[in-house]
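Let's take a walk through a protein model together. Have a look at the picture and the sequence first, and then we'll pick out a few spots to talk about.

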Amino acid sequence: LPLLTDKRPLVCAESQTETDESTPSIPQVTPHHIDDLLYGIPRYIWMSAPSYDALCESYKDHIWDLMQRALGWEVFFVSDQRMQVMVSKHCSEREQMCFSRINPKYGPAKADFARCLLMRLYGGLWLDLKSGWQGDLSKNLSKFGPLPPLVLGHWGWPSQHEHIPQDVHNYGEIQQWWLMSAPGHAMWDKALAAVCDNIKKD
């Protein structure tokens with residue numbers, strides 16, 4: 001398992017200038033990554049930061065610990081550089097313009113954009129770098145299966161939705177530190193449109 005032997009997540013390479021053949025490309029969803037429990041949600045875990053090599057050792061150790069508790073999942077790390085390539089390749093002109101207007105100093109704002117784009121394109125589980133879970137990930141999820149194609153949590157208690165939440169039950173703000181989705185869910189088009197609307201207002 002090369003994913004585990006070098007203590008590094010798979011680093012996404014989606015650039016025509018990429019020459020390192022050992023660096024995996026953005027994944028293609030295959031039956032291997034989908035089972036009856038997840039109902040179309042691929043077993044991918046996504047994290048992002050400006051650069052993996054620039055992370056402090058405590059973050060790298062944290063990622064390594066999560067990888068050991070997520071066997072059967074592929075862990076992908078997306079740098080700012082690779083995110084820029086993805087935006088240029090997969091986003092509309094309006095989305096590209098809005099992404100370019102985000103101040104590079106505001107890393108969390110870029111990460112907010114990134115998580116929506118990754119869920120729209122590839123699906124899986126998004127995790128903030130400082131986030132995680134206890135125990136085995138697949139066993140934890142089996143308690144809630146079968147899962148809908150969009151799984152969200154609110155501050156206070158978890159909740160699942162197949163459609164865009166209207167908060168009719170006063171659940172409160174949606175947690176963004178983790179997101180789980182099948183690829184192509186309509187939620188992410190609407191989320192990115194709202195992000196662009198907010199950026200243009202500023």
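## A glutamine that is half out

Start with Gln 96, which is partly exposed: its relative accessible area is 29%. That label fits because 29% falls between the 20% limit for buried and the 50% limit for exposed. Keep in mind that you're looking at a predicted model.

Where does Gln 96 sit? It is part of helix α4, which covers residues 93-100. If you skip the neighbours within four places in sequence, Gln 96 is in contact with Val 87, Ser 88 and Cys 91. With Cys 91 we can zoom in further: a polar atom of the Gln 96 side chain lies 2.9 Å from the backbone oxygen of Cys 91. Now try finding Gln 84, which is 12 residues away from Gln 96 along the chain; their C-alpha atoms are separated by 9.0 Å.

## How α4 meets α7

Here's a handy bit of background: to describe two packed helices, you give the angle between their axes and the distance between those axes. For α4 and helix α7 (residues 186-201), the angle is about 50° and the axes are 10 Å apart. An angle of about 50° is neither under 35 degrees nor in the 65 to 115 range, so α4 and α7 count as oblique to each other. The crossing of α4 past α7 is left-handed.

Which residues make the contact? On the α4 side you'll find Arg 94, Glu 95, Met 97 and Cys 98, while α7 brings Leu 192, Ala 193, Cys 196, Asp 197, Ile 199 and Lys 200. Sort the residues of this contact by type and you get 6 nonpolar, 4 charged and no polar ones.

## A second glutamine, tucked into a loop

Now jump to Gln 175, in the loop between β6 (158-160) and β7 (178-181). Is Gln 175 buried or exposed? Its relative accessible area is 11%, and the limit for buried is under 20%, so Gln 175 is buried. Its side chain also has a polar contact, at 2.7 Å, with the side chain of Trp 178.

## Zooming out

Finally, step back and take in the protein chain. It has 7 helices and 7 strands, and along the sequence they follow the pattern α-β-β-α-β-α-α-α-β-α-β-β-β-α. Of the 202 residues, 46% are buried.

What about contacts along the chain? Take those with a separation of 6 or more: 71% of them are between residues 24 or more positions apart.

Notes. Residues numbered from 1 in each chain as written. Predicted model: local features only at pLDDT ≥ 70, side-chain atom pairs only at ≥ 80, totals over all residues. Heavy atoms only, no water. Helix = DSSP H or I, 4+ residues; strand = E, 2+ residues; numbered from the N terminus. Buried < 20%, exposed > 50% of the residue type's maximum accessible area, 1.4 Å probe, protein only. Contact = heavy atoms within 4.5 Å. Polar contact = N/O pair within 3.5 Å; in protein donor to acceptor, adjacent residues only side chain to side chain. Axes fitted to C-alpha atoms, helices over the stretch in contact; angles between N-to-C directions. Parallel < 35°, antiparallel > 145°, perpendicular 65-115°, else oblique. Left-handed = near helix turned anticlockwise from the far one by under 90°. Nonpolar A, V, L, I, M, F, W, Y, C, P; charged D, E, K, R; others polar.
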